[in-house]
Amino acid sequence: MAQESKMLRFGIIGAGSIASDIARAMHQCTEVELVAIASRREEQALEFARLHKIAKVFENWHELVHYEGVDAVYVATPTHVREEICLGVAEMGKHLLADKPFAGENSLRRIYERCRLRDLVFMDGTHFTHNPRTQMVRGALKEQIGTVQHLRSSFFFPADDIYNIRFQPDKEPTGAVGDLGWYNMRAICEYLIERGELRSITGSIQRHPQTGSVIRGSGWAVFESSQTTCFDFGYSVGAQLMDLEILGDLGVIQIPDYVLDYKQSYIFQNPGLKTSYDLRKGVQPRSEAQTVIADSDVPQHVLMIQNFARLCSNSSKAERASKYDLARQTQELLDAYWEAVRA
């Protein structure tokens, strides 16, 4: 697909809060230009365009993907319509950045195959994957904590607005599982690098008494490598938790903000902080843990957009396939957990 502009011209489908966060990130990138927005609610789209200084507003996603002035699209729609829209984006020759989760691994594969056959970039919108700390920890595991035995993760985000889409099972069938549990699963994919095949996964979920939506979950999984993981997530705890612990035979790595770093994610703005993780060894109180700095001046959601733009302009087929493979692994674990607990 030829580009008339040196900048990657982006359109966004969906005008919710996540889309707004990504729009702000795009404005911080010299590699991209945000040129179009589409939403099924005209008033919301117009307000989104005004807020983010977007020139083109479309009444539906079909019009946006047919617009020749767009090279790439960020899809930030409810899960139940994501596959149809993503396939439409790829059909019209646009690179695709898609919010998570997907309707299932088969749905994700169909989306990726449509992109691959048209030589287009596909990437899911998981921010913390692009935080330099993630790669730094991955590279330091063997040296700092030896053989990884177990991973513990939690992601809780207080929410109780039953009119929010998270509480609408017809639009978000897996509720908190796909919304928050996705990050527990991605942590497994990022840090249990040599885990092998999934042997077993089990757990439980809690549903909202009025809406029937999933609001909390816990789980346990065992892999071919004998490595294990336990995870918790949900909306029903009265504080935000983003704790991650990687347990090795020589030590433990602890991250208190593995999903949204406290320094400069789109929720937190604490420029005086340095992104880091703690390394603990032997018999010592937590206060004596070694703090390892893994800082960046660029927010992880901005890095995600920059990395996507680079993939679109200069990347191998193997590198593009690796982005899909990470999304596939995450979705497969999510599907396995959902199958185990949905009844």
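Is aspartate 119 buried, partly exposed or exposed? The answer is in the second view below.

**View 1. A cis peptide bond precedes proline 101.** This is a predicted model, in which local features need pLDDT of at least 70, side-chain atom pairs count only at pLDDT 80 or more, and totals for chains, interfaces and linings use all residues. Residues are numbered from 1 along each chain as its sequence is written, and side-chain values use heavy atoms, with hydrogens and water left out. The cis bond joins lysine 100 and proline 101, with omega at about -10°. Proline 101 sits in the loop between strand E5 (95–98) and helix H5 (105–117). Helices (H or I, at least four residues) and strands (E, at least two) are DSSP runs, numbered from the N terminus.

**View 2. Aspartate 119 has a positive phi.** The angle is about 55°, although aspartate 119 is not a glycine. Its loop runs between H5 and strand E6 (122–124). Aspartate 119 is partly exposed, with a relative accessible area of 47%. Buried means under 20% relative accessible area, exposed over 50%, and partly exposed in between (1.4 Å probe, protein chains only).

**View 3. Eight strands form an open sheet.** The strand order is E8-E9-E10-E7-E11-E12-E13-E14, and the pairing is mixed. Strand E8 (198–207) and strand E14 (290–293) are the edges, each pairing on one side only. From one strand to the next, the twist averages 15°. Two strands pair if DSSP finds at least two bridges between them. Strands of a sheet pair through backbone hydrogen bonds, either parallel or antiparallel.

**View 4. E10 pairs with E9 and with E7.** E9 and E10 run antiparallel, joined by 7 bridges. Here arginine 216 has glycine 234 in E10 as its bridge partner. E7 and E10 pair in the parallel sense, also over 7 bridges. Phenylalanine 156 stands opposite glycine 234 in E10. Of the 7 residues of E10, 6 are buried, so this strand is largely enclosed by the rest of the structure.

**View 5. Serine 226 takes a positive phi in a hairpin.** Serine 226 lies in the loop between strand E9 (214–223) and strand E10 (228–234). The hairpin has 4 residues between the strands. Phi is about 75°, although serine 226 is not a glycine. On to the pairing of E9 with E8: these strands run antiparallel, with 9 bridges. Leucine 198 has phenylalanine 223 in E9 as its bridge partner.

**View 6. Helix H6 lies across five strands of the sheet.** H6 covers residues 132–145. The strands beneath this title are strand E7 (148–156), strand E11 (244–248), strand E12 (252–255), strand E13 (276–280) and E14. H6 runs at about 10° to E13. Axes are lines fitted to C-alpha atoms, for helices over the stretch in contact, and angles run from 0 to 180 degrees between N-to-C directions. Contact means heavy atoms within 4.5 Å.

**View 7. Helices H8 and H10 pack together.** H8 (residues 181–191) and H10 (residues 317–341) pack at about 125°, with their axes 9 Å apart. That makes H8 oblique to H10. Angles under 35 degrees count as roughly parallel, over 145 as roughly antiparallel, 65 to 115 as roughly perpendicular and the rest as oblique. Residues in contact include Trp182 and Met185 in H8, and Leu326 and Tyr337 in H10.
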